[in-house]
Amino acid sequence: MKIIIVEDDASIREEIKILLEGAGYEVECVEDFTQTKKQILDANADLLLLDIQIPYMNGETLLRELRKESDMPVIMVTSKSNEIDEVLSMSYGADDYITKPYNPTLLLLRIQAVLKRLSPSNSQLSHYRDLEVDFAKGTLKNSEQEVVLTKNEMIIFHFLLTHIDEIVTRDDLMTELWDNKEYISDNALTVNISRLRGKLSDFGYDDVIMTRKGQGYILS
Amino acid sequence: MKYLADHKKHIFLIVVFIIIQYLMGKAFHIEKAFLYAQIILTIIFIIIIFTYDYMRKVSFYRQLDHHLKMKEKYLIIETLNRPSFYEGEIMHDALYEITKSMNEKIYEYQSETKHFKEYIEMWIHEVKTPISALSLMLHKDKNNKALNQLKRIENYTEQVLYYIRSQSDAQDYLIKEHQLDQCINHVLMHNKDELLMHHFTIETDHLDCKVKSDSKWLEFILNQIVSNAMKYHKENPLLRFSATEDEDKVVLSIYDNGIGIRASDLPQVFKKSYTGFNGHEEEKSTGMGLFITKRLCDALHHGLTIDSKEGEYTKVTLIFYKEKYYVTKL
């Protein structure tokens, strides 16, 4: 996945680049704002992160120009926390709108959400080893048995599954849960993880969720 | 009567004149009947002159006096007809000039305040760029202590922004239909780390309703309420959001089991710079948060009340009215 950043503040540009690269995206930054539109179109990116206040051209104007030629996903970033501006941007064809200063985990989440919404392969079914995972029903099953997961357990498992073989921090899991309106506490997360481990071991998968001390969890 | 009292010197001179006339008539042995007729005629003429003068002035002064009873006294010049007598003209023109110069002065201050507000708004948008950059840097280093301090800076800047917005006459907001649980979710996500740090239990109940509001303003309002709950919490803190909906309104209650508010402080909490007992204990209080919150609610026509028992709980109630409420009220 490639993301192109249009942001005139050099330090923010650099930090977002580091953040996104850390999350596994390929990143290109616009640094010369005389040819912004051309560079965006040439970059062939999967998503555009566009600041509203950029040199030479207003971000909203740029977005309208861009929409004539491309329907790539666009997230507008602005320091103006104003409903009117937001509605305007959305009407010009932005897919999401984020106000500064943003929480970095939230920024990643919104990018993920926009990409997910637009990718057609967003099925309710997935597989883990020989298990069939049904997110809508909240069940895990193989040829012999079916186990029901609670909503929280499913959110955790889903997140681990989409980040398989990667370290997932407790903070990442909390952000994901809270974003799904499950406002659980730190202790409840520990309880949910151990229950999820129990349910997985019912299928004979012991220790597939490993704890990395001081870092988080990893699903193998 | 006042008119006559005001002209008592004139009347005195006229009486002296009549007496002189009478005495002169006597001295020159003028026919008595002619003398009396002349005096009566003089008196009649003088009465006519006074009456005429009175009539000319009375309408102008009555109008002036009547209009001075209204609330916007500074508009008086707009309501008066220009009088047709000289004194009145002088007064009318003076009033006109005074009002005009006052308006110019007010305009000067108004545009100065407007420019100042615009500058502050611009400054806040500018300061958000370094705050964002810092937040990204600190997040990378996992420096949570510094991030918490940064969040405080951010909250205080937001407060200034919304103080200005709540003051301006221009409508800075846009009322749209919003999902209530989504707005609450944004605010809880924003405060997630601090809520978890204090080990808050969060309960939500029936938040799946739509409300008409400005989402940015509403999130600021909710953020102030949540900030207060975090600032004044006790052990085993609880924060509960629950909503009820009927045909003309949605009522959102935000309950916390914190230290509460003293009964004597309760009626004052929305006053500007009022800090109360809790505010003195906790030196961080500026007394502006709830004041701004109330003003924003007033501007958006949302109801806002606070109920509390010291040492037990604080319950903030927000009321979002629907069209039906306004229709039946009219």
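A residue is taken as buried if 20 or more other C-beta atoms lie within 10 Å of its own. By that yardstick, 14 of the 17 residues of helix α9(B) are buried, so this helix is largely enclosed by the rest of the structure. The model is a predicted one, and the description below starts from the overall form of chain B before turning to its helices, its contact with chain A and a few backbone details.

Chain B contains 12 helices and seven strands. Its C-alpha trace extends over about 120 × 45 × 40 Å along the principal axes. The radius of gyration tells a matching story: chain B has 35 Å, whereas a compact globule of 330 residues would have a value near 20 Å. Buried residues account for 22% of the 330 residues in chain B. Of the contacts in chain B between residues at least 6 apart in sequence, 63% link residues at least 24 apart.

The domain assignment splits chain B into domain 1 (2-81), domain 2 (114-167) and domain 3 (176-329). The C-alpha centres of domain 2 and domain 3 of chain B are separated by 22 Å. Where these two domains of chain B meet, eight residues of domain 2 are in contact with 10 residues of domain 3. On the domain 2 side, this contact consists of two nonpolar, five polar and one charged residues.

Within the range of domain 1, the unreviewed UniProt entry places the annotation "transmembrane region" on residues 12-29 and 35-55 of chain B. The model can be set beside that record. Residues 12-29 of chain B are 89% helix and 0% strand, with end C-alpha atoms 26 Å apart. For residues 35-55 of chain B, the figures are 100% helix and 0% strand, and the end C-alpha atoms lie 30 Å apart.

Two helices of chain B invite a check on their geometry. For α9(B), a rise of 1.5 Å a residue means that its 17 residues should span 24 Å, and the distance between its end C-alpha atoms, 24 Å, agrees. For α11(B), residues 289-300, the same kind of reckoning at 1.5 Å a residue gives 16 Å for 12 residues, in agreement with the 17 Å between its end C-alpha atoms. The buried residues of α11(B) include B:Leu290, B:Phe291, B:Ile292, B:Leu296 and B:Cys297, and B:Lys294 is also among them. Together, the buried residues of α11(B) pack against α6 (144-167), α9 and β6 (303-309) of chain B. Directly after α11(B), B:His301 adopts a positive phi of about 60°.

The contact between the two chains draws 28 residues from chain B and 27 residues from chain A. On the chain B side, the elements that supply two or more residues are α5 (86-141), α7 (180-190), α8 (192-197), β2 (201-205) and α9 (215-231). The greatest contribution comes from α5(B), with 11 residues. Sorted by class, this side of chain B comprises 10 nonpolar, 11 polar and seven charged residues. Helix α9(B), then, is both largely enclosed and a contributor to the side of chain B that touches chain A.

Chain A is assigned domain 1 (2-118) and domain 2 (125-219), whose C-alpha centres lie 32 Å apart. A position of interest in chain A is A:Asp51, which the unreviewed UniProt entry annotates as "modified residue: 4-aspartylphosphate". A:Asp51 belongs to strand β3 (residues 47-51) of chain A. Because A:Asp51 has 21 C-beta neighbours inside 10 Å, this residue counts as buried. Beyond its neighbours within four places in sequence, A:Asp51 is in contact with A:Val6, A:Glu7, A:Asp8, A:Gly59, A:Val77 and A:Thr78.

Some backbone details deserve a closer look. Most residues other than glycine have a negative phi, and most peptide bonds are trans. The peptide bond from A:Lys100 to A:Pro101, however, is cis, with omega near -10°; A:Pro101 sits in the loop between β5 (96-99) and α5 (104-118) of chain A. A:Asp165 shows a positive phi of about 65° without being a glycine, and is located in the loop between α6 (151-162) and β10 (167-168) of chain A. With 8 C-beta neighbours inside 10 Å, A:Asp165 counts as exposed. In chain B, B:Asn236 also has a positive phi, near 50°. B:Asn236 falls in the loop between α9 and β4 (238-245) of chain B, and is exposed, with 9 other C-beta atoms within 10 Å.

Methods. Residues are numbered from 1 along each chain as its sequence is written. Chains are lettered from A and ligands numbered from 1 in the order in which they are written. This is a predicted model: local features need pLDDT of at least 70, side-chain atom pairs count only at pLDDT 80 or more; totals for chains, interfaces and linings use all residues. UniProt positions are given in the numbering used here, feature names are shortened, and annotations may be inferred rather than shown by experiment. Helices (H or I, at least four residues) and strands (E, at least two) are DSSP runs, numbered from the N terminus. A residue is buried if 20 or more other C-beta atoms lie within 10 Å of its own, exposed if 12 or fewer, and partly exposed in between; C-beta atoms are placed from the backbone. Two residues are in contact if their C-beta atoms, placed from the backbone, lie within 7 Å. Ala, Val, Leu, Ile, Met, Phe, Trp, Tyr, Cys and Pro count as nonpolar, Asp, Glu, Lys and Arg as charged, and the others, Gly among them, as polar. Domain bounds come from an automatic or database domain assignment. The expected span of a helix is 1.5 Å times one less than its number of residues. The radius of gyration is taken over C-alpha atoms; the globule rule is 2.2 Å times the number of residues to the power 0.38.
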